[in-house]
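Me: I should like to learn how to read the features of a protein structure. Could you guide me through one example?

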Amino acid sequence: MKNHVFRPLIVFLGIVGLILLARVFLVPKDFGVHERGYMYGWYRKDNEQFWKDFKVKYQGREYCSGCHPANYDVIKKTPHKNIECENCHGPAVDHPEAPPKLALDKSREQCLRCHYPLPYPTSGRSKIRGVDPDTHNPDIECSMCHNPHNPMEGLR
Amino acid sequence: MITRRNFLKNTALGLAGAAAAFELIDPKKLMAEEAKDGSKLRWVFLVDTYKCVGCGLCVKACKQENEIPYDANVTRTWVERYVLTKDGVTHADTPKGARDGFTTSKIDLGQGKFKDIKKEDIDKAFFVPKLCNQCDNPPCVQVCPVGATYATPDGVVLVDRTWCIGCGYCIMGCPYGVRFFHPVYHTAEKCNWCYHRISQGMKPACVDACPFGARRIGNIKDPNDPVTKVIMNERVGVLKEEYGTKPQVFYVGLSKEVK
């Protein structure tokens with residue numbers, strides 16, 4: 001074959017070689033595919049650690065019981081026993097270091113999440129006792145009268 | 001001509017060469033590698049819609065645990081309300097993803113419109129929590145043009161924020177509408193069953209926050225896992241099975257109106 005055919009072919013092969021070389025350096029080392037192939041097989045192994053190291057904010061009631069055993073014990077004997085401390089008191093994160101004080105939510109809306117009456121059949125919601133927030137002491141917080149840690153003890 | 005001496009010499013040389021070129025296969029090492037890539041662990045989720053009361057404490061906990069801006073109208077998990085009336089109409093809503101629960105009987109129609117439904121008109125009504133299905137055939141992974149989203153060996157689909165270019169294909173591709181753009185990082189965001197919590201023995205924030213036990217997580221590869229036992233022995237359903245995504249969130253008490 002003539003020389004003028006070979007020369008562009010060499011240039012073309014050179015470009016292909018450069019792309020392959022660039023690929024070696026630019027594609028991250030952990031970039032791979034599972035045995036499932038390219039359809040579902042993308043994998044960024046190094047990124048798994050990023051998500052594993054994500055900061056835990058909700059520590060759970062056992063964490064709270066270390067310093068607040070009285071409240072931990074009293075709520076356990078009431079219908080509110082399954083409500084985690086942090087659902088109302090806010091995420092503990094590194095409390096007591098940071099934050100030193102948690103943002104307690106004692107709004108009426110917080111109580112109405114469960115106690116707004118919705119008479120829905122086939123849902124547990126209809127079995128929870130509710131109040132009409134528009135007629136039941138509309139201007140004060142529920143906790144003025146009801147103790148959320150022990151709702152059955154009677155009004156305070 | 002092949003002599004015995006030459007044959008033995010060449011065989012020894014060949015073996016030495018092979019040992020140098022390829023590491024000899026050690027069965028123990030292979031077993032360890034198999035265990036490491038999670039063959040004994042595959043997370044599954046179980047939702048009991050009979051137990052859900054729509055309090056939305058799961059959504060509140062999720063948003064704070066996973067640093068999703070609290071007032072932005074995006075969330076990794078949400079709760080839907082379905083109200084079926086006697087005239088055969090299905091009403092469904094999820095105001096703010098039920099972050100503040102359902103504290104009115106009025107159905108949110110969007111654009112500031114509400115529809116009040118009388119108690120006596122209701123045929124059935126219930127709540128359905130939604131979250132990422134961590135599909136076995138994840139369409140979001142399939143469509144990612146840069147390989148930024150991937151399934152871990154234990155079945156959870158994650159997003160690499162440093163690699164995501166924000167094209168939004170995965171948000172379109174997910175039939176469950178689970179993905180959205182993170183308002184701060186501007187990359188694709190999704191529920192990952194609190195991967196930071198489950199990989200250190202804790203439960204996802206929504207599971208811990210639920211006072212009614214409507215949300216549970218388990219390992220489908222462990223036959224003694226209580227969640228696995230429910231999935232294997234009781235009547236459970238999945239969402240949009242016809243898409244072939246093999247979703248891994250199983251629902252107790254699923255109704256045909258749930259989309």
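Me: How many bridges join strand 1 of chain B to strand 11 of chain B, and do these strands run parallel or antiparallel?

Reply: Please note at the outset that this is a predicted model. Strand 1 of chain B is joined to strand 11 of chain B by 5 bridges, and the two run antiparallel. Within this pairing, Leu46(B) stands opposite Arg216(B) of strand 11. Strand 1 of chain B also has 4 bridges to strand 13 of chain B, residues 249–252, and these two strands run parallel. There, Val47(B) has Tyr251(B) as its bridge partner.

Me: Which residues lie on each side of strand 1 of chain B, and are they buried or exposed?

Reply: The general idea is that side chains in a regular strand alternate between the two faces of the sheet. In strand 1 of chain B, Trp43(B), Phe45(B) and Val47(B) are on one side, while Val44(B), Leu46(B) and Asp48(B) are on the other, and all are buried. A residue is called buried if 20 or more other C-beta atoms lie within 10 Å of its own. Because 6 of the 6 residues of this strand, residues 43–48 of chain B, are buried, the strand is largely enclosed by the rest of the structure.

Me: How many residues of helix 3 of chain B are buried?

Reply: The same cut-off applies: 20 or more other C-beta atoms within 10 Å. In helix 3 of chain B, residues 57–65, 8 of the 9 residues are buried, so the helix is largely enclosed by the rest of the structure. Among the buried residues are Leu57(B), Val59(B), Lys60(B) and Glu65(B).

Me: What covers the buried residues of helix 3 of chain B?

Reply: The cover includes helix 5 (85–89) and helix 6 (108–115) of chain A. From chain B, it includes strand 2 (78–85), strand 6 (122–130), helix 7 (205–209) and strand 11 (215–219).

Me: How many residues of chain A are in contact with chain B?

Reply: Here 35 residues of chain A are in contact with 46 residues of chain B. On the side of chain A that touches chain B, the elements giving two or more residues are strand 2 (42–44), helix 2 (45–52) and helix 6 of chain A. The residues of that side of chain A divide into 19 nonpolar, 7 polar and 9 charged.

Me: Into which domains is chain B divided?

Reply: Chain B is divided into domain 1, made of 43–135 and 192–252, and domain 2, made of 139–189. The contact between them takes 15 residues from domain 1 of chain B and 12 residues from domain 2 of chain B. Their C-alpha centres lie 21 Å apart.

Me: Which peptide bonds before Pro96(A) and Pro99(A) should I examine, and are they cis or trans?

Reply: Most peptide bonds are trans, and most residues other than glycine have a negative phi. The bond from His95(A) to Pro96(A) is cis, with omega near 10°. The bond from Ala98(A) to Pro99(A) is cis, with omega near -5°. Pro96(A) lies in the loop between helix 5 and helix 6 of chain A, and Pro99(A) is also found in that loop.

Me: Is the phi of His186(B) positive or negative, and is His186(B) buried or exposed?

Reply: The phi of His186(B) is positive, near 55°. His186(B) is exposed, with 11 other C-beta atoms within 10 Å. This residue is placed in the loop between strand 9 (180–181) and strand 10 (188–189) of chain B.

Key: Residues numbered from 1 in each chain as written. Chains lettered and ligands numbered in written order. Predicted model: local features only at pLDDT ≥ 70, side-chain atom pairs only at ≥ 80, totals over all residues. Buried ≥ 20, exposed ≤ 12 C-beta atoms within 10 Å, placed from the backbone. Contact = placed C-beta atoms within 7 Å. Domains from an automatic or database assignment. Nonpolar A, V, L, I, M, F, W, Y, C, P; charged D, E, K, R; others polar. Pairing = 2+ DSSP bridges.
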